[in-house]
Amino acid sequence: MVRARSISVSTLLFLWLCCIDASVHEYNGESFISKGNAFVVHGGSEGLYSSIPNQNESSTSGISYIRFEKITFRRPKEATQSRLGLVQAIVFEVEDRETIGGSAYGGQRAVCCTPDLAKLDVCKQGEVIYRLSTRNPNWPQVFGISFTEDNLVATLPPKSIEITETGMYNLYFIYCDPNLKGLVIEGKTIWKNPTGYLPGRMAPLMKFYGFMSLAFVMLGIFWFWQNARFWREVLQLQNCITLVIALGMFEMAFWYFDYAEFNETGIRPTGITVWAVTFGTVKRTVARVIILIVSMGFGVVRPTLGGLTSKVIMLGGTFFLASEVLELVENVGAVNDLSGKARLFLVLPVAILDAFFVIWIFTSLSATINKLQAKRMMAKLDIYRKFTNALAVAVIVSVGWICYELYFKANDLYNEWWQSAWSIPALWQILSFSLLCVICALWAPSQNSTRYAYLDDASEEFDKEDAHMLMRSSPLASSNNIRSSTEANLVHSNDGNLNGDLEEDKTE
């Protein structure tokens, strides 16, 4: 009995790491790569939502589709000996990946039809093996074009495929004839969601960055109002917090406009993306440096950082460069151009520098708190304890979210969870904003702001109120008061006796 079974297209899907961040996919002379008995070009992968019913048939609003425009295949002259010369395009939803390919008698799996399968009338030799999906009988979509006679160019007729089911869709161009070696592809495909050209996994982020922009504006209004009310009491640290808030406002605004432009045109605006990435990297760097120097007690228990200044600047500069390169590579251009090893090479330095920041921050906080306890600066000690607790919670949440992110990526090899992928970068933004809000609440400008500043005089040893409370409640203070009263009485009685003696002398 002949047995034909479907093949998993894992070898094809592993050609890409994640979706291409461009809804207009252009092919500029890309060569086909040999995979098994097939030669393939990955045409794109995007999450697409199903079309929204539209009463106006002439309008494309609400329509989700993949459109092929001016797709041209060019073969070298030596490839004209190919008799078949067939190139096929195959579009399938990721859950239907098992419907692509097959094998005879449980043998080696193949994407292209083999002579054994052709003899069994399962497929036609030289074509892609596929079977119709049980979920959607019209899928996968397979069509192609053949070279005629000695022509070196074959053009695929314009075609538009409407998306009626929400899912992660993949496009591959495939040929099976080895005589077509050297074939290249040119042209473009346009992928559109019902609400615009923004890829499905990125679409929720446009609204998210819109809300985050409003959140930063509200935080900015509160902070700037406090600065205006108590401008005479503003500390240097509070000016640094103002800088972080301003950078955050610009970052969120640029990300929103970046996604809005992307959604409108289908092409990611490089200039806006670079600005958004740069503002975000500068904000993260400045925030980490500020937290570090505050943890060291700068401006609170020490006037300068001394010899540590150069080390802090070096760490901050290195973190900025590593983060900027990583963010630019991930957000500008096609993500699938970056191999797994190359991405790991860029992520690892940022992770190591972040870990170094965390260790240095908590080590410095421990030393600063010990110093505040030794000097009994209770007001400053209280705010530093709250600051430490907030940082500890942020670190715990960060570690938990990193574990979830690793789990997410390890179990979502084919981007089947694309609809929730936006939550991963979103939570990092929410966590960063929440920590900033806590810092703003702790260090908000007020009429008592200067009580947290470094003072180079005797009052630095104790806060007035705290010192007064300590003196009143201290047993030593009570004994000193009793001793002072006794000494005063003795002096008074001695004065009285002395005066009496003097009077007796005068009488005599």
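This passage walks through the strands, helix packing and backbone details of a predicted model.

The overall composition is a good place to start. The protein has 508 residues, of which 44% are buried. Its secondary structure comprises 11 helices and 12 strands. Contacts between residues at least 6 apart in sequence are mostly long in range, since 80% of them join residues at least 24 apart.

The description of the strands begins with an open sheet. Five strands make up this sheet, in the order 3-4-11-6-8, and their pairing is antiparallel. Strand 3 (33–35) and strand 8 (141–146) form its edges, each of them pairing on one side only. Averaged over the sheet, and with direction ignored, neighbouring strands are turned by 35° against each other. At one edge, strand 3 runs antiparallel to strand 4 and is joined to strand 4 by three bridges. Within this pair, I33 has V40 of strand 4 as its bridge partner.

Strand 11 (residues 167–175) deserves a paragraph of its own. In the order of the sheet, strand 11 sits between strand 4 and strand 6. On one side, strand 4 (residues 38–48) pairs with strand 11 in the antiparallel sense over nine bridges. A useful residue for locating this pairing on screen is H42, whose bridge partner in strand 11 is Y172. The pairing of strand 11 with strand 6 (residues 86–93) is likewise antiparallel and extends over seven bridges. Here E93 stands opposite Y169 of strand 11. How covered is strand 11? Nine of its nine residues are buried.

Attention now turns to the helices, beginning with helix 4. Helix 3 (residues 203–229) packs against helix 4 at an angle of about 155°, and their axes lie 9 Å apart. The two helices are therefore roughly antiparallel to each other. Helix 3 passes helix 4 in a left-handed crossing. Sorted by class, the residues in this contact are 18 nonpolar and nine polar, with no charged residues.

Helix 4 (residues 236–265) also packs against helix 9 (residues 423–442), with an angle of about 150° and axes 11 Å apart. Why does helix 4 count as roughly antiparallel to helix 9? Angles over 145 degrees fall in the roughly antiparallel class, and the angle here is about 150°. The crossing of helix 4 and helix 9 is left-handed. On the helix 4 side, the residues taking part are I241, V244, I245, E251 and M252, and they meet Q429, L436, I439 and C440 in helix 9. By class, this contact has seven nonpolar residues, one polar and one charged.

A further helix pair is formed by helix 5 (residues 270–295) and helix 8 (residues 378–411). Their axes come within 12 Å and cross at roughly 140°. Helix 5 and helix 8 are therefore oblique to each other. Their crossing is left-handed. In this contact, I291, V294 and S295 of helix 5 meet Y384, F387 and L391 of helix 8. Five of the residues are nonpolar and one is polar, while none is charged.

Some backbone details may also interest a reader who is inspecting the geometry. The peptide bond from W139 to P140 is cis, with omega near 0°. P140 is placed in the loop between helix 2 (115–119) and strand 8, and strand 8 is one of the edge strands of the five-stranded sheet.

Positive phi values occur in two residues described here. K70, which is not a glycine, has a positive phi of about 55°. This residue lies in strand 5 (residues 65–74). With a relative accessibility of 70%, K70 counts as exposed, because the exposed class covers values over 50%. N415 is likewise a residue other than glycine, with a positive phi near 60°. N415 is found in the loop between helix 8 and helix 9. Is N415 buried or exposed? Its relative accessibility is 13%, so N415 counts as buried, the limit for that class being under 20%.

Conventions. Residues numbered from 1 in each chain as written. Predicted model: local features only at pLDDT ≥ 70, side-chain atom pairs only at ≥ 80, totals over all residues. Heavy atoms only, no water. Buried < 20%, exposed > 50% of the residue type's maximum accessible area, 1.4 Å probe, protein only. Helix = DSSP H or I, 4+ residues; strand = E, 2+ residues; numbered from the N terminus. Pairing = 2+ DSSP bridges. Axes fitted to C-alpha atoms, helices over the stretch in contact; angles between N-to-C directions. Left-handed = near helix turned anticlockwise from the far one by under 90°. Contact = heavy atoms within 4.5 Å. Nonpolar A, V, L, I, M, F, W, Y, C, P; charged D, E, K, R; others polar. Parallel < 35°, antiparallel > 145°, perpendicular 65-115°, else oblique.
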